[in-house]
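Hi,

Here is the structure I promised to pass on. Please open it first, then read my notes below.

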Amino acid sequence: MFTFNEALGKKPPGKEPSGRIAGTFKIQKSVDEKRLAFGWASVAATAAGDTVTDYYEDIIEPDELEQAAYNFVQFYREGGEMHERGGCAVLVESVIFTKEKMAAMGIPEGVVPEGWWIGFKVTDDEVWEKVKDGTYPMFSIEGEAVREEVDGEEPEN
């Protein structure tokens, strides 16, 4: 298992980053003239099968991530700015990659992580400029969950 900071190539206090999927969470593709941005919203496990812990050291199981993605697509579909202001973007693409779905698509094991790939059309001029200049280099999901103890560790809150 490794952390979100390690995935981003940042060195957590007292640890060397693994670099196994450094840069995975960054916006992977953008199309200027269409104001489209694509990338991983969240990754539950690397292509190699390693569990990923997020920035807050939480783990999102693949089936939980899948359900969260379905709920977002069904009920929200709107992108905001820094979890403070909505109406900045609209969801245009959403794919949950699970082992079962990858097998059905003919994607060999070990090629694509288990995670949620998204694409947004950015409708806000200021937000699009921040995507283009790197101020907003990645997606950030927001949600609510109940923390559960894992491997004998107690949840912090």
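**Strands 5 and 6**

Glu78 has Val90 of strand 6 as its bridge partner. Keep in mind that this is a predicted model. Strand 5 and strand 6 (residues 85–97) run antiparallel, and three bridges join them.

Strand 5 covers residues 78–81, and its side chains alternate. Gly79 and Glu81 point to one face and are buried. Glu78 and Gly80 point to the other face and are not buried.

**Positive phi values around strand 5**

Most residues other than glycine have a negative phi. Three residues here are worth a look for that reason.

- Arg77 has a positive phi, near 65 degrees. Arg77 sits in the loop between helix 2 (62–75) and strand 5. With a relative accessible area of 40%, Arg77 is partly exposed.
- Met82 belongs to the hairpin of strand 5 and strand 6, which has three residues between the strands. Its phi is positive too, near 55 degrees.
- His83 has a positive phi near 60 degrees. His83 lies in the loop between strand 5 and strand 6. His83 is partly exposed, at 38% relative accessibility.

**Helix 4**

Which residues of helix 4 (residues 125–132) are buried? They are Val127, Trp128 and Val131. These residues are on the same side of helix 4, because they cover an arc of only 100 degrees around the axis. In an α-helix, residues three or four places apart point the same way, as there are 3.6 residues a turn.

What covers the buried residues of helix 4? The cover includes strand 2 (29–31), strand 3 (36–45) and strand 7 (114–122). Strand 5 and strand 6 are also part of that cover. So the strand pair described above comes back here.

On the other side of helix 4, Asp125 and Glu126 are exposed. At the start of helix 4, a side-chain oxygen of Asp124 comes to within 3.0 Å of the backbone nitrogen of Glu126. Just after helix 4, Gly134 has a positive phi of about 90 degrees.

**The whole protein**

The protein has four helices and seven strands. Along the sequence, the pattern reads β-α-β-β-β-α-β-β-α-β-α. Of its 157 residues, 34% count as buried. Among contacts with a separation of 6 or more, 57% are between residues 24 or more positions apart. The accessible surface comes to about 10,200 Å², and carbon and sulfur atoms account for 48% of that.

Best wishes

How values were computed
Residues are numbered from 1 along each chain as its sequence is written. This is a predicted model: local features need pLDDT of at least 70, side-chain atom pairs count only at pLDDT 80 or more; totals for chains, interfaces and linings use all residues. Side-chain values use heavy atoms; hydrogens and water are left out. Helices (H or I, at least four residues) and strands (E, at least two) are DSSP runs, numbered from the N terminus. Buried means under 20% relative accessible area, exposed over 50%, partly exposed in between (1.4 Å probe, protein chains only). Contact means heavy atoms within 4.5 Å. Accessible areas come from the Shrake-Rupley method with a 1.4 Å probe; for residues, only the protein chains shown count as cover. Two strands pair if DSSP finds at least two bridges between them. The arc is that of the directions from the helix axis to the C-beta atoms. A polar contact is a pair of N or O atoms within 3.5 Å; within protein, one must be able to donate a hydrogen and the other to accept it, and residues adjacent in sequence count only if both atoms are side-chain atoms.
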